[in-house]
Amino acid sequence: MKPLIGNIQQEKISQLLSQWGDTLTYRYGDNQVIKFSKWNDRFPDKAFQKRFERDYEIAQRYLGHFVIPTQFIPRLNKNGRHSFARIQEYVSGEPLTYEDLSNPITRKKFEEFSKKYRELIDATGYEMDLIGHEGIFKGALGNIFVTEENTLRIFDTMLFYSSGFGKWAWLWAWSMDIIILFAKHRQHRVIEKFTKCISEKDL
């Protein structure tokens, strides 16, 4: 990961927490995490950071307090080419599952989120990757954490489209389109199940 530029303190980077998909997530100090994109390090392009920032701004605009605030920091990869990191508050929780909706507080939060998420889709035409790599295999919404306080927090705001990654995107765009189709299909089924659960609880 060296050399680095930007306001990143190398000595604060410690335990590897996750390496699902494109992202390496480490503890950063006591109360934060820092995330690095594997693909951006392999195929450096400033467009990566701009794409992530754009998706994040859209998510913040429509989903508000559900989104974990994120700081984007430019850095250099090991070859001295442009890359970036994301710093977020450390949030302890588990992916949102069907079983979580048996809790009336969590259910109400998900209903609130669903209305805001529908507004995002209607306004932009894009869906968000709520299912994540972990959720695909577990039938959960892996990018939404349920905290101990029964709040819902979104830590990954990637939207479902394959463009905007710069000059190297042609190398994987075709496979990414296939992955997106599969992920959207799984996500639709999970959300349908969640929505049905809420409807039955309201009867």
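Colleague: How many bridges pair E6 with strand E7 (residues 141-147), and in which sense?

Modeller: E6 and E7 pair over four bridges, in the antiparallel sense. Two strands pair if DSSP finds at least two bridges between them, so with four bridges E6 and E7 qualify. One spot to look at is Gly93, opposite Thr147 in E7. Mind that this is a predicted model, where local features need pLDDT of at least 70, side-chain atom pairs count only at pLDDT 80 or more, and totals for chains, interfaces and linings use all residues. Residues are numbered from 1 along each chain as its sequence is written, and side-chain values use heavy atoms, with hydrogens and water left out.

Colleague: What makes E6 and E8 edge strands?

Modeller: The open sheet runs E6-E7-E8 with antiparallel pairing. Strand E6 (93-96) and strand E8 (152-154) each pair on one side only, so they are the edges. E8 counts as a strand because strands are DSSP runs (E, at least two residues; helices are H or I, at least four), numbered from the N terminus.

Colleague: Which helix packs on that sheet, and which strands does the helix touch?

Modeller: Helix H3 (residues 104-124), touching E6, E7 and E8. Contact means heavy atoms within 4.5 Å. The direction of H3 makes about 40 degrees with that of E8; axes are lines fitted to C-alpha atoms, for helices over the stretch in contact, and angles run from 0 to 180 degrees between N-to-C directions.

Colleague: What share of the protein chain counts as buried?

Modeller: Of its 203 residues, 46%. Buried means under 20% relative accessible area (1.4 Å probe, protein chains only).

Terms used: Buried < 20%, exposed > 50% of the residue type's maximum accessible area, 1.4 Å probe, protein only.
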